[in-house]
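Please read the following account alongside the sequence and the coordinates. It goes from the sheet to the cores and then to the charged pairs.

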Amino acid sequence: MKKLNLLLSIVILSITLFSCIKDQEDKEKIVEMTIYAETGYGGSFMSDLWTEPLVFSDSDDPSKRQLTDIIVDNFEIDYERGYEYKFEAKKIWMQNPPQDVSSVKYVIIKSVSKTKVITEDSEQNVQLLIAPETVPFTPKYPNELDGDGKLKVYDALRVNEVGTNNWLALKNIEGFNFEAGYEYVIDAKKVTTAEPYSVKYVLVSVISKTAKP
C-alpha cells in the first residue's frame with residue numbers, strides 16, 4: 001500500500017510539474033493579419049509625440065486597434081494609404097514580455113495580398129470637437145523632414161469626431177483659425193481623394209467657441 005501511495009504521489013507530482021512547465025510556455029496560433037487602408041493617430045506608451053500608427057486586426061480578434069507597443073517580427077511593408085494588406089502570421093502570447101510592450105506579439109510568415117480599397121473620391125459632413133491645446137505631431141507614410149534631415153514636428157490640433165472615440169492630430173483645418181485656450185465645436189467637411197490618396201478637413205461653420213482655463 002505504501003508503495004502504491006508513493007507511486008501515485010510521484011505520478012501526481014509529475015503531472016503537476018508538467019502542467020506548470022506547459023503554462024510557462026508561450027502559446028501560439030496561426031492567424032491572418034490585416035493592415036487597414038487608413039492610419040490612426042496617437043503615440044506610444046512612453047512618448048508624448050503623436051504620429052500615425054498603422055491600424056490592424058487579426059482573424060482571432062477582428063477588432064481594429066493601433067499597431068503601437070506591439071512587437072512584430074519579419075514585418076516588411078512599403079505602406080501606401082488606400083490599400084489593405086493581409087499577412088499570414090504567428091500570434092504569440094508571451095508569458096514574460098519585455099517591459100512596456102503588449103504581451104501579444106506577431107511573427108510574419110508571408111504576405112498574402114495588397115488590395116486597393118479606397119478607389120473613389122468622397123465627401124463627408126462631420127462635427128468636430130477641437131481641444132484648447134495643441135499636441136506635438138510628426139506625420140508618417142511618408143515622413144516629413146526638415147532642412148537638417150530630421151523629422152518635422154508640428155503643433156497639431158487635437159480633434160475628436162463628435163460621437164466617436166476617434167481622436168485626430170490635424171496640422172490644420174482649411175478655413176479655420178485656431179486660438180489656444182478655447183474649445184471649439186465646428187461643422188466640417190471631410191474630403192477624401194483616392195488617387196493619390198489624401199484627406200483634408202474644410203471648415204463649414206463654427207458652432208461654439210468656449211474659453212477654457
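Which residue in β6 stands opposite Trp-93? Trp-93 faces Val-104 in that strand. The model is predicted, so to speak of local features a pLDDT of at least 70 is needed, side-chain atom pairs count only at pLDDT 80 or more, and totals for chains, interfaces and linings use all residues. Residues are numbered from 1 along each chain as its sequence is written, and side-chain values use heavy atoms, with hydrogens and water left out.

Helices (H or I, at least four residues) and strands (E, at least two) are DSSP runs, numbered from the N terminus. Two strands count as paired if DSSP finds at least two bridges between them. Strands of a sheet pair through backbone hydrogen bonds, either parallel or antiparallel. In this model, an open sheet of 6 strands has mixed pairing and the order β3-β2-β1-β5-β6-β4. The edges are β3 (61-66) and β4 (72-73); each has a single partner strand, so one side of each is left without a neighbour in the sheet.

Strand β5 (residues 83-93) is antiparallel to β1 (residues 27-35), and 9 bridges join the two. Within this pairing, Ile-30 has Lys-90 as its bridge partner in β5. β5 also pairs with β6 in the antiparallel sense, over 11 bridges. Besides Trp-93 and Val-104, Lys-86 and Ser-113 of β6 stand opposite each other.

Lys-110 belongs to β6, which covers residues 104-116. Lys-110 counts as partly exposed because its relative accessibility is 45% (buried means under 20% relative accessible area, exposed over 50%, partly exposed in between, with a 1.4 Å probe and protein chains only). Leaving aside residues up to four places away in sequence, Lys-110 is in contact (heavy atoms within 4.5 Å) with Phe-87 and Glu-88. The C-alpha atoms of Lys-110 and Phe-75 are 9.1 Å apart, with the two positions 35 residues apart in sequence numbering.

Next come the cores. A nonpolar core is a set of buried Ala, Val, Leu, Ile, Met, Phe, Trp, Tyr and Cys residues joined through side-chain atoms within 4.5 Å. The largest one has 14 residues, and Met-33, Ile-35, Leu-67 and Tyr-106 have the most contacts inside it. Two or more residues of this core come from each of β1, β5 and β6. A second, separate core has 13 residues, among them Ile-130, Leu-157, Phe-176 and Ala-188. The contacts of Met-33, again without residues up to four places away in sequence, include Phe-56, Leu-67, Tyr-85 and Ile-108.

The whole structure holds 18 salt bridges (a side-chain nitrogen of Lys or Arg within 4 Å of a carboxyl oxygen of Asp or Glu). In one of them, the closest N and O atoms of Glu-28 and Lys-90 are 3.9 Å apart. Glu-28 lies in β1 and Lys-90 in β5, so this pair ties together parts that are 62 residues apart in sequence.

Another salt bridge joins Asp-58 to Lys-91, with the closest N and O atoms 3.2 Å apart. This pair links β2 (residues 55-58) to β5, 33 residues apart. Asp-58 is buried, at a relative accessible area of 3%, and Lys-91 is buried at 4%.

Glu-195 and Lys-116 form a salt bridge with the closest N and O atoms 3.3 Å apart. Glu-195 is in the loop between β10 (182-193) and β11 (198-211), and Lys-116 is in β6, 79 residues apart. Glu-195 is exposed, at 58% relative accessibility, whereas Lys-116 is partly exposed, at 24%. Finally, shared partners join the salt bridges of Lys-29, Asp-58, Asp-60, Asp-61, Arg-65 and Lys-91 into one network.
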